[in-house]
Amino acid sequence: MKEKTVMAQRIRELRKSKNLTQARLAQLTGLKETAIRSYENSLREPNSKAMAALEEYFNVSGAFLRGETDVRDFLPNNERKQLTTAQTADELSDLLKKIQTTIKDISDEELEYTDGLLAELSQALNIQDLNKRAAALRLLHTTAHISNNFFSSYNHFTDKLSKEESANKALTLTVEKYNEALEQIKNLLEKI
(Lines give C-alpha, C1' and ligand atoms only; values in the text may rest on other atoms or scores of the structure.)
Protein backbone atom coordinates (compact mmCIF):
# COMPACT_ATOMS: atom_id res chain seq x y z
CA MET A 1 0.00 0.00 0.00
CA LYS A 2 2.93 2.33 0.70
CA GLU A 3 4.05 1.99 -2.91
CA LYS A 4 0.67 3.15 -4.20
CA THR A 5 0.71 6.15 -1.86
CA VAL A 6 4.19 7.18 -2.97
CA MET A 7 3.20 6.76 -6.61
CA ALA A 8 0.06 8.85 -6.12
CA GLN A 9 2.06 11.57 -4.41
CA ARG A 10 4.77 11.60 -7.07
CA ILE A 11 2.30 11.81 -9.95
CA ARG A 12 0.50 14.68 -8.22
CA GLU A 13 3.77 16.51 -7.46
CA LEU A 14 5.06 16.10 -11.01
CA ARG A 15 1.76 17.34 -12.44
CA LYS A 16 1.71 20.37 -10.14
CA SER A 17 5.37 21.16 -10.86
CA LYS A 18 4.32 21.75 -14.46
CA ASN A 19 1.23 23.75 -13.38
CA LEU A 20 -1.10 21.26 -15.05
CA THR A 21 -4.65 20.32 -14.19
CA GLN A 22 -5.56 16.66 -14.19
CA ALA A 23 -7.57 17.29 -17.37
CA ARG A 24 -4.58 18.87 -19.13
CA LEU A 25 -2.23 16.07 -18.07
CA ALA A 26 -4.75 13.59 -19.45
CA GLN A 27 -4.76 15.41 -22.79
CA LEU A 28 -0.97 15.59 -22.97
CA THR A 29 -0.44 11.91 -22.13
CA GLY A 30 -3.44 10.44 -23.93
CA LEU A 31 -4.82 9.08 -20.67
CA LYS A 32 -8.30 9.65 -19.25
CA GLU A 33 -8.82 12.35 -16.66
CA THR A 34 -10.62 9.83 -14.43
CA ALA A 35 -7.54 7.62 -14.64
CA ILE A 36 -5.24 10.48 -13.58
CA ARG A 37 -7.58 11.25 -10.69
CA SER A 38 -7.67 7.61 -9.57
CA TYR A 39 -3.86 7.37 -9.72
CA GLU A 40 -3.43 10.49 -7.62
CA ASN A 41 -5.99 9.29 -5.08
CA SER A 42 -4.40 5.81 -4.78
CA LEU A 43 -7.55 4.16 -6.08
CA ARG A 44 -5.67 2.24 -8.74
CA GLU A 45 -2.22 1.92 -10.24
CA PRO A 46 -1.36 2.88 -13.80
CA ASN A 47 -1.14 -0.06 -16.20
CA SER A 48 1.99 -0.51 -18.30
CA LYS A 49 0.73 1.78 -21.08
CA ALA A 50 -0.16 4.53 -18.61
CA MET A 51 3.16 4.13 -16.79
CA ALA A 52 5.03 4.47 -20.09
CA ALA A 53 3.04 7.61 -20.96
CA LEU A 54 3.72 9.18 -17.55
CA GLU A 55 7.40 8.22 -17.59
CA GLU A 56 7.85 9.67 -21.06
CA TYR A 57 5.92 12.87 -20.39
CA PHE A 58 7.66 13.64 -17.08
CA ASN A 59 10.98 12.11 -18.22
CA VAL A 60 11.28 9.99 -15.09
CA SER A 61 11.75 6.29 -14.51
CA GLY A 62 9.05 3.90 -13.39
CA ALA A 63 11.21 3.18 -10.36
CA PHE A 64 11.00 6.87 -9.43
CA LEU A 65 7.21 6.93 -9.86
CA ARG A 66 6.83 3.78 -7.74
CA GLY A 67 9.05 5.23 -5.01
CA GLU A 68 11.76 2.61 -5.46
CA THR A 69 14.34 5.36 -5.96
CA ASP A 70 14.60 9.09 -5.39
CA VAL A 71 16.67 9.53 -8.56
CA ARG A 72 14.41 11.13 -11.15
CA ASP A 73 16.46 9.59 -13.96
CA PHE A 74 16.41 12.45 -16.44
CA LEU A 75 18.05 10.81 -19.43
CA PRO A 76 17.70 11.34 -23.17
CA ASN A 77 15.02 9.00 -24.57
CA ASN A 78 17.47 6.78 -26.47
CA GLU A 79 19.69 6.31 -23.38
CA ARG A 80 16.66 5.65 -21.19
CA LYS A 81 15.33 3.04 -23.64
CA GLN A 82 18.70 1.27 -23.72
CA LEU A 83 18.91 1.30 -19.92
CA THR A 84 15.31 0.13 -19.56
CA THR A 85 15.88 -2.69 -22.05
CA ALA A 86 18.99 -3.87 -20.19
CA GLN A 87 17.24 -3.65 -16.81
CA THR A 88 14.21 -5.48 -18.18
CA ALA A 89 16.39 -8.29 -19.55
CA ASP A 90 18.15 -8.65 -16.19
CA GLU A 91 14.87 -8.52 -14.27
CA LEU A 92 13.29 -11.08 -16.61
CA SER A 93 16.24 -13.42 -16.14
CA ASP A 94 15.94 -13.08 -12.35
CA LEU A 95 12.19 -13.61 -12.52
CA LEU A 96 12.56 -16.78 -14.59
CA LYS A 97 15.04 -18.14 -12.03
CA LYS A 98 12.56 -17.38 -9.21
CA ILE A 99 9.77 -19.11 -11.13
CA GLN A 100 11.98 -22.15 -11.70
CA THR A 101 12.71 -22.34 -7.96
CA THR A 102 9.15 -21.66 -6.80
CA ILE A 103 7.50 -24.02 -9.28
CA LYS A 104 8.93 -27.02 -7.42
CA ASP A 105 6.70 -26.31 -4.41
CA ILE A 106 3.31 -25.77 -6.06
CA SER A 107 0.38 -28.18 -6.28
CA ASP A 108 -0.41 -30.24 -9.38
CA GLU A 109 -3.38 -27.99 -10.17
CA GLU A 110 -1.22 -24.87 -9.88
CA LEU A 111 1.44 -26.56 -12.01
CA GLU A 112 -1.14 -27.20 -14.72
CA TYR A 113 -2.17 -23.52 -14.77
CA THR A 114 1.47 -22.41 -14.71
CA ASP A 115 2.24 -24.70 -17.63
CA GLY A 116 -0.70 -23.20 -19.52
CA LEU A 117 0.49 -19.64 -18.85
CA LEU A 118 4.03 -20.43 -19.94
CA ALA A 119 2.73 -22.19 -23.07
CA GLU A 120 0.67 -19.08 -23.94
CA LEU A 121 3.74 -16.89 -23.38
CA SER A 122 5.86 -19.15 -25.58
CA GLN A 123 3.24 -19.10 -28.32
CA ALA A 124 3.04 -15.29 -28.21
CA LEU A 125 6.84 -14.98 -28.35
CA ASN A 126 6.91 -17.15 -31.48
CA ILE A 127 4.61 -14.86 -33.49
CA GLN A 128 6.72 -13.60 -36.40
CA ASP A 129 4.92 -10.32 -37.09
CA LEU A 130 6.40 -7.85 -34.58
CA ASN A 131 3.21 -5.80 -34.18
CA LYS A 132 1.03 -8.86 -33.68
CA ARG A 133 3.55 -10.31 -31.22
CA ALA A 134 3.54 -7.03 -29.28
CA ALA A 135 -0.27 -7.06 -29.20
CA ALA A 136 -0.37 -10.69 -28.01
CA LEU A 137 2.20 -10.03 -25.29
CA ARG A 138 0.36 -6.92 -24.21
CA LEU A 139 -2.90 -8.85 -23.95
CA LEU A 140 -1.21 -11.57 -21.87
CA HIS A 141 0.34 -8.95 -19.60
CA THR A 142 -2.93 -7.08 -19.23
CA THR A 143 -4.82 -10.27 -18.44
CA ALA A 144 -2.33 -11.20 -15.72
CA HIS A 145 -2.40 -7.66 -14.31
CA ILE A 146 -6.19 -7.65 -14.21
CA SER A 147 -6.24 -11.05 -12.48
CA ASN A 148 -3.89 -9.75 -9.82
CA ASN A 149 -6.05 -6.66 -9.40
CA PHE A 150 -9.09 -8.89 -8.93
CA PHE A 151 -7.48 -10.70 -6.00
CA SER A 152 -6.13 -7.48 -4.51
CA SER A 153 -9.61 -5.92 -4.71
CA TYR A 154 -11.21 -9.05 -3.32
CA ASN A 155 -8.82 -9.13 -0.37
CA HIS A 156 -9.38 -5.42 0.24
CA PHE A 157 -13.16 -5.73 0.21
CA THR A 158 -13.29 -8.88 2.40
CA ASP A 159 -12.19 -6.73 5.32
CA LYS A 160 -15.41 -4.73 4.99
CA LEU A 161 -17.92 -6.91 3.15
CA SER A 162 -19.10 -10.50 3.05
CA LYS A 163 -17.22 -12.91 0.78
CA GLU A 164 -20.03 -12.87 -1.78
CA GLU A 165 -20.23 -9.06 -1.82
CA SER A 166 -16.44 -8.86 -2.04
CA ALA A 167 -16.35 -11.25 -4.98
CA ASN A 168 -19.13 -9.36 -6.78
CA LYS A 169 -17.49 -5.96 -6.24
CA ALA A 170 -14.05 -7.24 -7.28
CA LEU A 171 -15.58 -8.94 -10.33
CA THR A 172 -17.35 -5.73 -11.37
CA LEU A 173 -14.09 -3.76 -11.14
CA THR A 174 -12.24 -6.50 -13.01
CA VAL A 175 -14.77 -6.56 -15.86
CA GLU A 176 -14.47 -2.77 -16.21
CA LYS A 177 -10.68 -2.97 -16.39
CA TYR A 178 -10.79 -5.88 -18.80
CA ASN A 179 -13.17 -4.02 -21.12
CA GLU A 180 -10.82 -1.01 -21.10
CA ALA A 181 -7.89 -3.31 -21.88
CA LEU A 182 -9.74 -5.04 -24.71
CA GLU A 183 -10.57 -1.65 -26.23
CA GLN A 184 -6.88 -0.71 -26.09
CA ILE A 185 -5.89 -4.02 -27.72
CA LYS A 186 -8.54 -3.51 -30.42
CA ASN A 187 -7.16 -0.04 -31.15
CA LEU A 188 -3.64 -1.45 -31.27
CA LEU A 189 -4.65 -4.19 -33.71
CA GLU A 190 -6.48 -1.71 -35.95
CA LYS A 191 -3.18 0.14 -36.40
CA ILE A 192 -1.43 -2.99 -37.67
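The following legends describe an overview and close-up views of a predicted model.

**Figure 1. Overall helical architecture of the predicted model.** The protein contains nine helices and zero strands. Read along the sequence, its elements follow the pattern α-α-α-α-α-α-α-α-α. Of the 192 residues in the protein, 24% are buried.

**Figure 2. Close-up of helix H2 and the residue that follows the helix.** Helix H2 spans residues 22-29, and its buried residues include Gln-22, Leu-25, Ala-26 and Thr-29. These four residues lie on the same side of H2, because they cover an arc of only 105° around the axis. In general, an α-helix has 3.6 residues a turn, so residues three or four places apart point the same way. Just after H2, Gly-30 adopts a positive phi of about 80°.

**Figure 3. Close-up of a nonpolar patch on the surface.** The patch is formed by Leu-92, Leu-95, Leu-96, Ile-99, Leu-118, Leu-121 and Leu-125. Together, these residues have about 560 Å² of accessible area. Helix H6 (77-102) and helix H7 (108-125) each supply at least two residues of the patch. The largest share, four residues, comes from H6. Leu-118 is one of the patch residues and is found in helix H7. Its relative accessibility is 37%, and Leu-118 therefore counts as partly exposed, the range for this class being from 20% to 50%.

**Figure 4. Close-up of a negative surface patch.** Asp-108, Glu-109, Glu-110, Glu-112 and Asp-115 form this patch. Among them, Asp-115 lies in helix H7, the helix that spans residues 108-125 and also supplies at least two residues of the nonpolar patch. Asp-115 has a relative accessible area of 53% and is therefore classed as exposed, since the cut-off for that class is over 50%.

**Figure 5. Close-up of His-156 in helix H8.** Helix H8 comprises residues 130-158, and His-156 is found in this helix. With a relative accessible area of 39%, His-156 is partly exposed. The view also includes Ser-166, which is 10 residues apart from His-156 along the chain. The C-alpha atoms of His-156 and Ser-166 are separated by 8.2 Å.

How values were computed. Residues are numbered from 1 along each chain as its sequence is written. This is a predicted model: local features need pLDDT of at least 70, side-chain atom pairs count only at pLDDT 80 or more; totals for chains, interfaces and linings use all residues. Side-chain values use heavy atoms; hydrogens and water are left out. Buried means under 20% relative accessible area, exposed over 50%, partly exposed in between (1.4 Å probe, protein chains only). Patches are made of residues with over 30% relative accessible area and no salt bridge: like charges are joined within 9 Å, nonpolar side chains (Val, Leu, Ile, Met, Phe, Trp, Tyr) within 5 Å. Accessible areas come from the Shrake-Rupley method with a 1.4 Å probe; for residues, only the protein chains shown count as cover. A salt bridge is a side-chain nitrogen of Lys or Arg within 4 Å of a carboxyl oxygen of Asp or Glu. The arc is that of the directions from the helix axis to the C-beta atoms. Lys and Arg count as positive and Asp and Glu as negative; His and the chain ends are not counted. The place of a charge is taken as NZ of Lys, CZ of Arg, CG of Asp or CD of Glu.
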